[in-house]
Amino acid sequence: MKFILTILICSQVGGTCLPPYKVPEKFDDGYDCMVTGYEMALDKLQEMGREDVNKHNIFIKFGCYREKKQEGQPAKFDTLVKLWY
């Protein structure tokens with residue numbers, strides 16, 4: 001069973017979030033998915049920079065979801081872990 005990572009970038013100042021980003025890569029387990037989520041969140045914060053992150057009070061949320069496939073039906077997603085800060 002594979003895991004899917006989704007990332008959400010939000011601004012507390014604006015009270016808005018960008019549309020969720022679904023990472024194209026699928027993960028073999030929840031651990032690898034979570035580690036990648038933390039790494040991607042840190043990379044994105046550093047890319048945006050201290051000034052913009054502080055100015056817009058940016059925060060990043062991500063979740064790892066277990067991919068469920070039932071025979072003859074399209075894939076369904078089931079929440080495994082959600083990390084909301």
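This passage describes the disulfides of a predicted model and the surroundings of their cysteines.

The count comes to 2 disulfides. With the bonded cysteines of the protein numbered in sequence order, the pairing reads 1-2, 3-4.

One disulfide links cysteine 10 and cysteine 17, with an S to S distance of 2.0 Å. The torsion about this S-S bond, between cysteine 10 and cysteine 17, is about 100°, so the disulfide is right-handed. The two ends of this pair were also examined for accessibility. Cysteine 10 has 2% relative accessibility and counts as buried, whereas cysteine 17 has a relative accessible area of 41% and is partly exposed. Because buried means under 20% relative accessible area and exposed means over 50%, the value of 41% places cysteine 17 in the class between.

Another disulfide joins cysteine 33 to cysteine 64, with an S to S distance of 2.2 Å. The torsion about the S-S bond of cysteine 33 and cysteine 64 is about -105°, and the disulfide is therefore left-handed. Cysteine 33 belongs to helix α1, which covers residues 30-48, and cysteine 64 belongs to strand β4, which covers residues 58-68, so this pair ties together parts that are 31 residues apart in sequence. Cysteine 33 is buried, at a relative accessible area of 0%. Cysteine 64 likewise counts as buried, at 0% relative accessibility.

In summary, the disulfide of cysteine 10 and cysteine 17 is right-handed, and that of cysteine 33 and cysteine 64, which ties helix α1 to strand β4, is left-handed.

Key
Residues are numbered from 1 along each chain as its sequence is written. This is a predicted model: local features need pLDDT of at least 70, side-chain atom pairs count only at pLDDT 80 or more; totals for chains, interfaces and linings use all residues. Side-chain values use heavy atoms; hydrogens and water are left out. A disulfide is a pair of cysteine sulfur atoms within 2.5 Å. Buried means under 20% relative accessible area, exposed over 50%, partly exposed in between (1.4 Å probe, protein chains only). Helices (H or I, at least four residues) and strands (E, at least two) are DSSP runs, numbered from the N terminus.
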